[in-house]
Amino acid sequence: AGPGEPQSSSATTGVAIKNLSDLDGKRVAVITGTTGDFVIREKYKNAKVVDMVYPADAALALKAKKADAFVFDRNTLQYILARHPKDYEILPERLSTVEIAIPMRSDAPDLHRKVNAAINKFKQDGTIDRLKQKWILSAATPAVPKITLDGRNGVLRMGTCLLSEPYAFMSNGVMAGLYIELAYLLAEQLGMKLEITDMSYDAMIAALQAGKIDLAIANFYKLNELEAACVFSVAYLENDISAMVRRQQP
């Protein structure tokens with residue numbers, strides 16, 4: 001590190017991060033309130049957690065040596081790596097594999113029932129597999145198809161984070177991603193209009209509790225700690241939680 005440039009703890013100790021066990025005691029960037037946040041706090045008690053709001057900021061903190069690793073959903077990390085292959089690498093081991101679900105307002109049992117029925121339908125008829133193939137497994141950047149929503153049953157208010165490729169992001173001024181297309185399909189199934197609010201991950205549960213949104217489609221998995229604040233849908237995706245580190249120079 002140059003003068004005035006913060007050193008990483010790996011540089012301080014002289015130990016490069018080569019596997020997951022090296023994370024203990026290091027500065028690990030997480031997106032507050034996400035699966036990666038909970039996993040790192042549970043599994044690495046000595047890690048120095050660096051709370052961040054957005055994945056792009058966490059990646060920049062890693063590059064600037066303000067963090068030694070960034071723990072998040074593997075698919076998003078791979079998107080970052082594809083754009084900056086000389087700066088980062090992803091550790092081959094997974095920290096965890098978790099089932100992603102939709103947190104919903106606690107006071108809407110009819111919505112819970114309808115969302116679960118729709119998710120189960122999408123899993124059975126291949127819709128979820130199609131969305132995974134389209135948004136995660138394809139090298140192309142697809143678009144959300146135009147879906148007409150009649151709104152006969154009101155408005156579905158959804159919270160998400162539009163800085164989470166390939167799940168939810170802006171592409172040429174238009175919302176795109178697996179979560180965005182899933183939300184439109186869900187609203188269509190429920191006969192509702194769709195209102196999407198872009199917010200940070202750590203704001204979504206509070207927004208549910210305050211009744212500002214009806215559900216949050218983001219990288220959430222069912223946690224006992226959150227069940228007092230919201231109700232979770234059935235799982236619809238399985239995600240790997242991984243660690244990205246700075247690429248070691250030869």
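The chain I am showing has 8 helices and 14 strands, where helices (H or I, at least four residues) and strands (E, at least two) are DSSP runs numbered from the N terminus. Please keep in mind that this is a predicted model, in which local features need pLDDT of at least 70 and side-chain atom pairs count only at pLDDT 80 or more, while totals for chains, interfaces and linings use all residues. Residues are numbered from 1 along each chain as its sequence is written, and side-chain values use heavy atoms, with hydrogens and water left out.

Let me turn to one sheet. Strands 8, 9 and 10 form an open sheet in the order 8-9-10 with antiparallel pairing, two strands being paired if DSSP finds at least two bridges between them. Strand 8 (163-164) and strand 10 (174-176) stand at the edges with a single partner strand each, so one side of each is left without a neighbour in the sheet. Strand 9, residues 168-171, is joined to strand 10 by 3 bridges, and M170 has M175 in strand 10 as its bridge partner.

Now the aromatic side chains: the whole structure holds 6 aromatic pairs, meaning rings of Phe, Tyr and Trp (its six-membered ring) with centres within 6.5 Å, counted as stacked when the planes are under 30 degrees apart, edge-to-face over 60 and tilted for the rest. For W135 and F169 the ring centres are 6.3 Å apart and the planes at 80°, so this pair is edge-to-face. It links distant parts of the chain, W135 lying in helix 6 (residues 127-137) and F169 in strand 9, 34 residues apart.
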